[in-house]
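The exercises below are meant to be worked with the sequence and the structure side by side. Try each task before reading its solution.

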Amino acid sequence: MERIFQEALEALLDRKDPERRLRAKEEKAAAGHEREPRPQSVWAFAMRHIPQAVKDAVWRRDGGQCVYVGSDGARCVERGGLEFDHIVPFALGGPSNNAKNIRLLCKTHNLMTARQALGETALRRQMGVAPINGGASPPTSG
Ligand SMILES: [Zn+2]
């Protein structure tokens, strides 16, 4: 179970950091474990780029603050280290050039929501079972 989360997390970090992905690829190649190359990956990465106009619109709309709302209904007050997050993941067809699909999240909540999404997907794919906590939101801290 831990390994699935780890892999999902790795995949997320790779997605967010092209240099890291290249390094990982080189390491895999050096170790002789390189998988088949995926020709669409460079194009896909370019398509993930969020236009500056969309970023500006999202920033204004969200007030330069993390939009994550916890199970208690309170919105996260983080204003530092914010990231632009795809509400519908790019991999699932969510557009990068539409402010409606982009939101501001702090690093913690960006990682948390991605981990939940990736974790659930991985779990369902692996075992065909419902999420461990039945889909309830975990308690927030802070
Ligand atoms: Zn937050």
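**Exercise 1. Find what share of the residues is buried, and describe the order of the helices and strands.**

Solution. The model is a predicted one, and buried residues make up 11% of the 142 residues in the protein. Turning to secondary structure, one counts 5 helices and 2 strands, and reading along the sequence gives the pattern α-α-α-α-β-β-α. As a last step, consider the contacts between residues at least 6 apart in sequence: 61% of them join residues at least 24 apart.

**Exercise 2. List the residues of the largest nonpolar core, and state which element gives the largest share of them.**

Solution. Begin with the members, of which there are 9: Val58, Cys66, Tyr68, Leu82, Ala99, Ile102, Leu104, Leu105 and Cys106. Next, sort them by element, and strand S2 (residues 102–106) turns out to supply the largest share of this core, 4 residues. Then take one member, Cys66, and set aside its neighbours within four places in sequence; its contacts are Cys76, Glu78, Leu82, Leu104, Leu105, Cys106 and His109. As background, in soluble globular proteins nonpolar side chains tend to be buried together.

**Exercise 3. Determine how strand S2 is placed in the structure and how it is joined to strand S1.**

Solution. First examine burial: 5 of the 5 residues of S2 are buried, so this strand is largely enclosed by the rest of the structure. Then examine direction, where Ile102, Leu104 and Cys106 point one way from S2 while Arg103 and Leu105 point the other way, all of them being buried. Finally examine the pairing: strand S1 (residues 82–86) runs antiparallel to S2 and is joined to it by 5 bridges, and within this pairing Glu83 stands opposite Leu105 in S2.

**Exercise 4. Decide whether Phe84 is buried, partly exposed or exposed, and name its contacts.**

Solution. Locate Phe84 in strand S1. Because a residue needs 20 or more other C-beta atoms within 10 Å to be buried, and Phe84 has 17 such neighbours, Phe84 counts as partly exposed. Leaving aside neighbours within four places in sequence, Phe84 is in contact with Ile50, Lys55, Val58, Ile102 and Leu104. Measuring from C-alpha to C-alpha in the model, Phe84 lies 9.6 Å from Cys66, from which it is 18 residues apart in sequence.

**Exercise 5. Compare the exposure of Asp56 and Arg61 in helix H4, and relate each to a residue further along the chain.**

Solution. Helix H4 (residues 52–62) contains Asp56, and Arg61 is found in helix H4 as well. Asp56 counts as exposed because it has 11 C-beta neighbours inside 10 Å, whereas Arg61, with 14 other C-beta atoms within 10 Å, is partly exposed. For the distances, Asp56 and Ala99 are 43 residues apart in sequence, with 9.1 Å between their C-alpha atoms; Arg61 and Leu104 are 43 residues apart along the chain, and their C-alpha atoms are separated by 9.4 Å.

Conventions:
Residues are numbered from 1 along each chain as its sequence is written. This is a predicted model: local features need pLDDT of at least 70, side-chain atom pairs count only at pLDDT 80 or more; totals for chains, interfaces and linings use all residues. A residue is buried if 20 or more other C-beta atoms lie within 10 Å of its own, exposed if 12 or fewer, and partly exposed in between; C-beta atoms are placed from the backbone. Two residues are in contact if their C-beta atoms, placed from the backbone, lie within 7 Å. A nonpolar core is a set of buried Ala, Val, Leu, Ile, Met, Phe, Trp, Tyr and Cys residues joined through C-beta atoms within 7 Å. Two strands pair if DSSP finds at least two bridges between them.
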